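Dear colleague,

Please find below the structure I promised to pass on to you. My notes on it follow directly after, and I would be glad if you read them with the model open.

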Amino acid sequence: MHKLWSASVTKLGKVFFKLSMRLKSSGGRPSASLGSRILTNPDDIFQHNMWDHVQWTEEDRENAFQKAKENSSVRLPLKEQDKFDTAASQYWDKFYETHQTKFFKDRRWLFLEFPELLPSAAKEQVANICLDHQYAAIPQCRAPGVDTESGHHQLTDPLHHHRHTDAFHFQECCQEVAAEKHETDNASFPGQLVSFRILEVGCGVGNSVFPILDNIRETDSFLYCCDFSPQAIQLVKGHPHYDDSVCHAFVHDICDETSSFPFPPQSLDVILAVFVLSSIHPQRIQGVVNHLSTYLKQGGVFLFRDYGRYDHSQLRFKKGQCLSENFYTRGDGTCVYFFTKEEVHHLFSQAGLQEIQNLEDRRLQVNRGKKVVMRRVWMQSKYRKSDLLSTS
């Protein structure tokens, strides 16, 4: 038992060290949640490609509101809208067939904004002990108290604010892992024997998948990823870094609640949805989140990033592309919805999840060559499935 524990500690320590070094040496944008490049002098606006934490004036808000009102004043006739919902997978399949893996960049920022994707972050006490005691002999499931910080800019997890003591939490982690192993010994699903499971929905061609795989290979973790585009999943499986010993990619329509997942309910530690829910008709999003949430373990986390209301891309739409309020179709037939903080909170709260983080990420994106400034708005949120300890 001691040898197995020491090996696990060493592996987690190596992964955590590798990630921290990668973030420190990434260059470019400062390593802080949602960035820390603040524009203080308007004359400097074309010095960088992106400025963070941008404050909007009342005039900015009114101008954005009027542009969205204007481009949604003429809507696509209802009889022409159904195809964008019923044939959504076909539009996305054609998109990936056309662009292959060249349209989106890999999301190397994931672990800065979502450290919960690492098991060492989701179980913060274990992570801290790994760093402090990699080579120490730990014969029992005990640990001294360790100070932790819950700021979202740190590589720690705010999930356990309500734990009673560090030692108690660490002992609980050991017990949970042991119980989970016992429960899954006789199961028959991919990733059944690991202690930490991640699902990415709407994975596309793997722009989140492969950064995640690069960081979980040496941990007791498994990644599931799905998309309703067969073309996208084919591209994921054909990637040279795809490894079915730590990843299972499969075709799945998350809007179809009758379609089963390759794992049981309450088996996931993390669900990741990055620019996915916005592509679904607004009337169906709540049902999707409700259904997905049933697959989270108690204490599991739903990570969300998507388009925010009055983002530059919303204001660029032409009349006749609006399907319903703040919901549009692009020229290639794919669709997009633009969220507010209040809508995001309602969406996840109605699914029985508790807010950890719900942010509106406002930035200035700059095309220095053309001297064009674009106001970008994204939503970034984290919601947790409550457990007995956090509600007691």
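Confidence is uneven along this predicted model: among the elements of the protein chain, helix α13 (residues 341–350) has the highest mean pLDDT, at 98, whereas helix α7 (residues 124–132) has the lowest, at 40. For the protein chain the average pLDDT is 77, and 70% of the residues score at least 70. Two stretches should be read with this in mind. Over residues 1–31 the pLDDT is below 50, and the model gives this stretch 50 contacts beyond near neighbours in sequence. Over residues 125–185 the pLDDT likewise stays under 50, and here the model has 108 contacts beyond four places in sequence.

Turning to the sheet, the model has an open one of 8 strands with mixed pairing, and its strands come in the order β1-β10-β11-β6-β5-β2-β3-β4. At its edges are β1 (50–51) and β4 (247–251), each of which pairs on one side only. Helix α10 (residues 230–237) packs on this sheet, where it touches β3 (221–227) and β4, and the direction of α10 makes about 160° with that of β4.

Strand β6 (residues 296–307) deserves a closer look, and I would start with its two partners. On one side, β6 is joined to strand β11 (residues 372–385) by 7 bridges, and these two strands run antiparallel. Within that pairing, Tyr307 has Trp378 of β11 as its bridge partner, while Val301 stands opposite Arg384, also in β11. Helix α13 packs on the sheet as well, touching β6, β10 (353–367) and β11, with a direction that makes about 150° with that of β10. The other pairing of β6 is with β5, which is in the parallel sense and extends over 6 bridges; there, Ala273 has Phe304 of β6 as its bridge partner. Together with α11, the strands β5 and β6 make a right-handed β-α-β unit.

How many of the 12 residues of β6 are buried? The count is 11, so the strand is largely enclosed by the rest of the structure. One residue in this strand that you may want to inspect is Lys297, a lysine whose relative accessibility is 12%; since buried means under 20%, Lys297 counts as buried. The side chain of Lys297 reaches the backbone oxygen of Ser195 at a distance of 3.3 Å.

Finally, there are two backbone values to check. Most residues other than glycine have a negative phi. His53, however, has a phi near 50°, which is a positive value in a residue other than glycine, and Phe275 likewise has a positive phi, near 50°. Where do these residues lie? His53 is found in the loop between β1 and α2 (58–71), and Phe275 in the loop between β5 (268–274) and α11 (282–293). With regard to exposure, His53 has a relative accessibility of 36% and counts as partly exposed, and Phe275, at 25%, also counts as partly exposed.

With best regards

Definitions and conventions:
Residues are numbered from 1 along each chain as its sequence is written. This is a predicted model: local features need pLDDT of at least 70, side-chain atom pairs count only at pLDDT 80 or more; totals for chains, interfaces and linings use all residues. Side-chain values use heavy atoms; hydrogens and water are left out. pLDDT is the predictor's confidence in each residue, from 0 to 100. Helices (H or I, at least four residues) and strands (E, at least two) are DSSP runs, numbered from the N terminus. Contact means heavy atoms within 4.5 Å. Buried means under 20% relative accessible area, exposed over 50%, partly exposed in between (1.4 Å probe, protein chains only). A polar contact is a pair of N or O atoms within 3.5 Å; within protein, one must be able to donate a hydrogen and the other to accept it, and residues adjacent in sequence count only if both atoms are side-chain atoms. Two strands pair if DSSP finds at least two bridges between them. Axes are lines fitted to C-alpha atoms, for helices over the stretch in contact, and angles run from 0 to 180 degrees between N-to-C directions. A crossover is right-handed if, with the strands pointing away from the viewer, the path from the first strand over the helix to the second runs clockwise.
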